[in-house]
Amino acid sequence: MSFISYLINGISLGSVYAIIALGYTMVYGIAKMLNFAHGDVIMVGAFAVFTIVSTLGMPIRLGIIVSILICTVLGVVIERVAYKPLRNAASPLAVLITAIGVSYLLQNVALLIFGANAKSFTSVVSWSGIKLADGQLNISGVTIVTILACIVIMIALTLFINKTKAGQAMLAVSEDKGAAQLMGINVNGTIALTFAIGSALAAIAGVLLCSAYPSLTPYTGSMPGIKAFVAAVLGGIGSIPGAMIGGILLGVIEIFGKAYISSQMADAIVFAVLIVVLLVKPTGILGKNIQEKV
Amino acid sequence: MKMKELNKTTKSNLITYALVIITYIIVQIILESGHMSSLMEGLLVPLCTYVILAVSLNLTVGILGELSLGHAGFMCVGAFSSAFFSKCTAELLPSGLRFFLAILIGAAVAALFGMLVGIPVLRLKGDYLAIVTLAFGEIIKNLVNVLYIGIDENGMHFSTKDSISLGLQPGGKTIINGAQGISGTPNDSTFTIGIILVLITLFIVLNLVHSRDGRAIMAIRDNRIAAESVGINITKYKLMAFTISAALAGVAGVLYAHNLSTLTALPKNFGYNMSITILVFVVLGGIGNIRGSVIAAVVLTLLPELLRELNDYRMLIYAIVLIAMMLFNSSPKAIAFREKYSLKKLFAKKSAKEGK
């Protein structure tokens, strides 16, 4: 029975990774850059909810909505101020180093405002969950809500990309920026929209993550952020269903690693997965192999 | 007799070496005359450590064109392997020979880890190295904190639980004690040895950059496909540069470890913050500019000590420096702006007008 409960916990953690990985993969697909600050947007989202709900005493729903708005605006601002001027830079390292700078900036601003001590985050899900098999199998409310949220987001995003004009524009820009511009697509707007969606998802991921693991520090976002990147690579970077599969697989691997191998080695196991993927199939499970042409 | 004309690179290299040697002489004079405060004296060896780290990271970031975010991890590996060796052989070998061997061991172990990280990652294109090295740095730090190694007449014992589960014979001793780290490492590092190591590091990196291999590495950085098409083995050269960079970081770790009586792996010294601090040295000094890294490392190590009240904001300032430097140096618009309003050009215009 513990196996099933580990599996469900793994899927739940994996759903959070999948939501974060979606943001990574969309930004990577369209801007061809690794957004190191993505993990810290998660932290900002969680702190926004914490401040609004625990400190100001406002209702939880309002907190979540405001947090999503804050993160969306933050994502677009980061893109405009820090990444857009470097989009055509000669060295690909420039934007990467700026992204690290932004990530570091967010962490340190949070550190100055909230301090280094861990805050205890009140779960946004008050439902206690369900008991199965005569109370032997206990599934918490957060776990169920997380998995459901992940499925809803996945379906909505797939529909958005395939059925709407803006979604099609995203695909076009990720395929070829120059050609998309010639076809009359607003490239800057599309990239900003991608950052907005990615950051809104990060806010949701932050709230779900902190509801399940209720300790909130300025560094909360960085490790899940990196692991979500591993998930995106595992599933095939640039692919949306890939991010989903990669995220859930990685969550299950991590929880099983923690349960059956060693809790201190769990992080190492996750990165061993990355190394194996890079050695065996660098394009990931659903990634396409793109031949480079001169 | 006319002196042989030195070419431009030799001259530039000599200036870099001269800068280090002159600094050394000045510091020695101040030390002899007793005007150095004990705070500054304590900073001398760490200063050498940071300079070596900055130069070695610049080899990866500036010359190879890949981003490494785990430089503190390689330093950590070098520090712990060498401190382990020094402590095991503390009574067996004379201190000079022991420290020399410790440096070689620290460099070799860090190089080995560099290769292990590099082999799967460097054959790919893309930003994988940044993420893998970042993960490596964090994992190494965590692993060292749960590692227990002891030694007795039956040989070495390993454990990841606690020092009791090592099962040592009476008379055996614990060498690496988990989160307590290694204590009682012989303090072999001195400022003189530090400066010698800085000079050796500069010698290795500057000679590599201007050698045939160095040109191959820079060709890969500038255009991977073109480099490949003229027959350069991309993975080999990338791996070479990265391994050397890791080995030099390991040397910095050796110097660091033998300056402390207790070596522990904390987020402060071997964590992500440290890797970012080194990256700030490289970015501020100029990516690809070795001399710049040396100067930036010295200035940014001394400045926070002099401006103690800003200590809380140090990391915030570093973050802003990173963003501002990249925007100012690499954004096409900023480059155009600087060309339009550069001082050189303004003066040239003025003198041209006056000439008329």
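Two strands are taken to pair if DSSP finds at least two bridges between them, and helices (H or I, at least four residues) and strands (E, at least two) are themselves DSSP runs, numbered from the N terminus. In these terms, E1(B) and E2(B) pair in the antiparallel sense over five bridges. The structure described here is a predicted model, in which local features need pLDDT of at least 70 and side-chain atom pairs count only at pLDDT 80 or more, while totals for chains, interfaces and linings use all residues. Residues are numbered from 1 along each chain as its sequence is written, and chains are lettered from A and ligands numbered from 1 in the order in which they are written.

The pairing of E1(B) with E2(B) takes the form of a hairpin, with two residues between the strands, and within this pair Tyr148(B) stands opposite Ser159(B) in E2(B). Strand E1 (residues 148-152) of chain B is also joined to E3(B) by four bridges, again in the antiparallel sense, and here Ile151(B) stands opposite Lys173(B) of E3(B). The result is an open sheet of three strands in the order E2-E1-E3 (chain B), with antiparallel pairing. Strand E2 (155-159) and strand E3 (173-177) of chain B stand at the edges and have a single partner strand each, so one side of each is left without a neighbour in the sheet. Neighbouring strands of this sheet are turned by 20° against each other on average, direction ignored, where the axes are lines fitted to C-alpha atoms.

Taken as a whole, chain B contains 15 helices and five strands, and its C-alpha trace spans about 90 × 55 × 55 Å along the principal axes. The radius of gyration of chain B, taken over C-alpha atoms, is 23 Å, which agrees with the value near 21 Å for a compact globule of 356 residues; the globule rule is 2.2 Å times the number of residues to the power 0.38. Buried residues, defined as those with 20 or more other C-beta atoms within 10 Å of their own, the C-beta atoms being placed from the backbone, make up 45% of the 356 residues in chain B.

An automatic or database domain assignment divides chain B into domain 1 (8-30 + 43-306) and domain 2 (311-356), and the centres of these two domains, taken over C-alpha atoms, are separated by 32 Å. Where two residues count as in contact if their C-beta atoms, placed from the backbone, lie within 7 Å, seven residues of domain 1 of chain B are in contact with eight residues of domain 2 of chain B. On the side of domain 1 that touches domain 2, H11(B) supplies the largest share, six residues.

Between the chains, 33 residues of chain B are in contact with 34 residues of chain A. The elements that give two or more residues to the chain B side are helix H4 (95-122), helix H5 (128-145), helix H11 (272-285), helix H13 (314-330) and helix H14 (332-340) of chain B, and H13(B) gives the most, with ten residues. By class, this side of chain B has 26 nonpolar, four polar and three charged residues, where Ala, Val, Leu, Ile, Met, Phe, Trp, Tyr, Cys and Pro count as nonpolar, Asp, Glu, Lys and Arg as charged, and the others, Gly among them, as polar.

Technical notes. Axes are lines fitted to C-alpha atoms, for helices over the stretch in contact, and angles run from 0 to 180 degrees between N-to-C directions. A residue is buried if 20 or more other C-beta atoms lie within 10 Å of its own, exposed if 12 or fewer, and partly exposed in between; C-beta atoms are placed from the backbone.
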